[in-house]
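Me: Please walk me through this model. I will ask short questions.
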Amino acid sequence: MNIEQYLPVILFILVGVGVGVAPQLLGFLLGPRRPDPAKNSPYECGFEAFEDARMKFDVRYYLVAILFILFDLEIAFLFPWAVALKEVGMAGFAAIMLFLGILVVGFAYEWKKGALDWE
């Protein structure tokens, strides 16, 4: 074995690291530094980050996050199926249609119950 066999893998890793690091480095070096209260305020969780740990907060944020992860992971099952579509045949197609049907019924149930509404 010689190093030439690993050249595509090394190039792939270098390009991946470059694509991940270069925009962050450019933003850090060339981006404006004008902090204000709106930019420094907490986001996503809906409450101040450095308050009493025993305060009450709305659990709907976590419900939406869990539902997103659930549906995101279930959709990830479609990629291997799409790659192997010719090999799985009609039985595989029927199985994935059943899977998607159950997924749609669950989504409709959540929507009807108001789990996706944010006030």
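Reply: Helices (H or I, at least four residues) and strands (E, at least two) are DSSP runs, numbered from the N terminus. This is a predicted model: local features need pLDDT of at least 70, side-chain atom pairs count only at pLDDT 80 or more, and totals for chains, interfaces and linings use all residues. Residues are numbered from 1 along each chain as its sequence is written, and side-chain values use heavy atoms, without hydrogens or water.

Me: How many helices and strands does the protein chain have?
Reply: Along the sequence the pattern reads α-α-α-α-α. The count is five helices and zero strands.

Me: How far apart are the end C-alpha atoms of residues 88-109?
Reply: UniProt, in an unreviewed entry, places "transmembrane region" at residues 6-30, 61-82 and 88-109. Such annotations may be inferred rather than shown by experiment, and positions follow the numbering used here, with feature names shortened. Residues 88-109 are 100% helix and 0% strand, and their end C-alpha atoms lie apart by 30 Å.

Me: Which side chain of opposite charge is nearest to glutamate 110?
Reply: Glutamate 110 sits in helix α5 (residues 85-113). It is buried (under 20% relative accessible area, 1.4 Å probe, protein chains only). It has no salt bridge (a side-chain nitrogen of Lys or Arg within 4 Å of a carboxyl oxygen of Asp or Glu). Lys and Arg count as positive, Asp and Glu as negative, with His and chain ends not counted; the nearest opposite charge, 12 Å away, is on lysine 113.

Me: What percentage of the protein chain's residues count as buried?
Reply: The protein chain has 119 residues. The buried share is 7%.

Notes: Buried < 20%, exposed > 50% of the residue type's maximum accessible area, 1.4 Å probe, protein only.
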